[in-house]
Amino acid sequence: MYKYQPVIGLEIHVELKTKSKMFCQDSADYFGKKPNTHVCPVCLGLPGALPVPNKKAIEWTILIGQALNCSINKVSKFDRKHYFYPDLPKGYQISQYDEPIASNGWLKFQISNFKFQIKEKKFRIHRVHLEEDTGKLIHSGSDTLVDFNRSGVPLVEIVTEPDFDNSDDVKRFLEELHTIIRYLGVSDADMEKGSMRLEPNISLRKISIQDSGFKIQELPNYKVEVKNINSFNFVKRAIEYEIKRQTEILEKGETPAQETRGFDSVKGITYSQRSKEEAHDYRYFPEPDIPPLEFTYKEIEDIKKKLPELPSDKEKRLIKEYRLKAQDAFILTRDLRIADYFEKVTDEFNKLMLVQDKASVDIEKQQSLGQTIANLIVNKRLSTSLDPEEFAKKAITSTVTYIADREKMDKAVSKVIDDFPKAVEDYKAGKTNSIMFLVGQVMKEMKGQVDANTVKKKLIKILK
Amino acid sequence: MAKKTLTKEEIIHLSKLANLSLTEEEIEIYGSQLSEILSYIEQLEEVDTSKVSSTAQVTELKNVTEEDEVKEERSIKDLAGLKVNKDNYFTVKRIR
């Protein structure tokens, strides 16, 4: 008996949002700009031009490495990777080959399986290195048009170990990575603009299970790469398609071709891209124009101090500190702005409550203050574009009843019950809808200065 | 001195990597010239390097970087005379 187990690794490219390019001082802000207006002799690869690395891009790559628990290599260098393609004006890309800035890291996070059991999973990071982006190509008629505004924009490549065996974990990993990059503030990581690009590589390992229960694993002798996908869902679908396609080939006793494929998101299939005529022969060699990079322990530690609280840590802290439900803490921490907003609102809420007489305050629901605020944000009951203080005030109006107000409300409720005996009778006779009429009358009596739900609860209690 | 002669296949492979299309005659000429160059460089193998650590550069510089600043004056303003279309795209023969 045997079965196939997917072996999946990932390559992720992230464009850094530095002001200038990686090796020259043209603006790196290329999106939507007139073609070839952010170009200079360096990024056009003109003879004699001298590339000089952008300090901030190097620091940010170190920061990404640290966020992914990598060791930062004290010595690092750039190399030339040669190939001919019109998006590459120099005939080579400046990249890093055998001495990347960071290596041997990991990322772990909570993941819930199909039974909604939560488990912590850890995936290893092979390396993080720094390179330059290429120009943008548009194929038009008999021409290919080239815009070099993007050429030379700093690009970080993150490579994982082949630690994944299913598409759900991959998607979750990519979402977590995306959130981390956004927290670091080093890239827009905007999938639609292509500032984060995803390349899964997929193969299948055959596991033979012998009668004794002993398992024999065979390493796959091929690897299929799916290039340049710009959505987490597409990655998931591309992987699922590949697993199915490769299983069919293997079951016929054949081996899938080692190749690069593209993903057609409309048909939901991958397709063979013209396979390179021969195995990659990039002839890497050290970039002679750029002296090596060396970092002291102190420099590396100083950059580490700039690491913000990362999403999974923040998630854990919110659960503990504000007694939030895990899924709400997860949702709030997906966007740093929302997570910060939540904490600010909670803070404002507390401040506003302090000036009230504590004894007169009664939070309606049996839940933490934090959870109350979290509900308002997560369920979009109040807009997060409000100023935090404004949000807190509104939150108080809708969730807190003061004793003074309560007395007023009690009076209004009694008055309405006296004034509308017919509706009361109807309700008692089982026409439960008439409660809403009574609620409306109380609201009217109180000029709307009361929460409808509270009134409803009160009425039901009295009329029961 | 050992003379390294590149095979015809190696020359063809190298010419592809260098994006050169060579005629039979050129393969012959460049092949023998390249072999000669290699043999010349090979003389370096006679130097005893057992006590020298390897390096990728000889300038002894390190950490030469620029601040993250845009210097527009370094950008090329006018691409006139180059192969650009009316929308300022460089154009090449369609590649796929």
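Exposed, for a residue, means over 50% relative accessible area. With that cut-off in hand, here are some close-up views of this predicted model.

**Figure 1. A nonpolar patch on the surface of chain B.** Let's begin with B:Y40, which lies in helix α2 of chain B. Because its relative accessibility is 60%, B:Y40 counts as exposed. B:Y40 is one of the residues of a nonpolar surface patch of about 690 Å². Its partners there are B:L14, B:L34, B:I37, B:I41, B:L44 and B:V47. Which element gives the most to the nonpolar patch? That is helix α2 of chain B (residues 24–42), with 4 residues.

**Figure 2. Chain B as a whole, with 2 helices and 1 strand.** Starting at the N terminus, the order of elements in chain B is α-α-β. The radius of gyration of chain B is 22 Å, well over the 12 Å that the globule rule gives for 96 residues, so the chain is more spread out than a compact globule. Its C-alpha trace spans about 55 × 45 × 25 Å along the principal axes. Of the 96 residues in chain B, 19% count as buried. The accessible surface of the chain comes to about 8000 Å², and carbon and sulfur atoms hold 54% of that. Among contacts in chain B with a separation of 6 or more, 38% are between residues 24 or more positions apart.

**Figure 3. A:H139 and its contacts in both chains.** You will find A:H139 in strand β8 (residues 136–140) of chain A. With a relative accessibility of 22%, A:H139 counts as partly exposed. Neighbours within four places in sequence aside, A:H139 is in contact with B:R94, B:I95 and B:R96 of chain B, and with A:T144 of chain A. The side chains of A:H139 and A:T144 are also joined by a polar contact of 3.0 Å.

**Figure 4. The salt bridge between A:K77 and A:D98.** Side chains of opposite charge can pair when their charged atoms come close. Here the side chains of A:K77 and A:D98 meet at 2.8 Å, N to O. A:K77 sits in the loop between β3 (75–76) and β4 (79–82) of chain A, while A:D98 sits in the loop between β5 (92–95) and β6 (102–112), so the pair ties together parts that are 21 residues apart in sequence. Is A:K77 buried or exposed? A:K77 counts as buried, because its relative accessibility is 10%.

**Figure 5. A salt bridge linking A:E287 and A:R80.** The closest N and O atoms of this pair are 3.0 Å apart. A:E287 belongs to the loop between β16 (285–286) and β17 (293–294) of chain A and A:R80 to strand β4, so that distant parts of the chain, 207 residues apart, are linked. A:E287 is buried, with a relative accessible area of 2%, and A:R80 also counts as buried, at 12% relative accessibility.

**Figure 6. A salt bridge within helix α3 of chain A, and a network of several residues.** The side chains of A:R245 and A:E242 meet in a salt bridge of 2.9 Å, N to O. Both are in helix α3 (residues 232–251), and because they are 3 residues apart, about one helical turn separates them. A:R245 counts as buried at 13% relative accessibility, and A:E242 is buried with a relative accessible area of 0%. Elsewhere, a network of salt bridges links A:E309, A:K314, A:R317, A:E321, A:D340 and A:E343. Over all chains, the count comes to 45 salt bridges.

Technical notes:
Residues numbered from 1 in each chain as written. Chains lettered and ligands numbered in written order. Predicted model: local features only at pLDDT ≥ 70, side-chain atom pairs only at ≥ 80, totals over all residues. Heavy atoms only, no water. Patch = residues over 30% accessible without salt bridge, like charges linked within 9 Å, V, L, I, M, F, W, Y side chains within 5 Å. Areas by Shrake-Rupley, 256 points an atom, 1.4 Å probe, with all protein chains shown as cover. Salt bridge = Lys/Arg side-chain N within 4 Å of Asp/Glu carboxyl O. Buried < 20%, exposed > 50% of the residue type's maximum accessible area, 1.4 Å probe, protein only. Contact = heavy atoms within 4.5 Å. Polar contact = N/O pair within 3.5 Å; in protein donor to acceptor, adjacent residues only side chain to side chain. Rg over C-alpha atoms; globule rule 2.2 N^0.38 Å.
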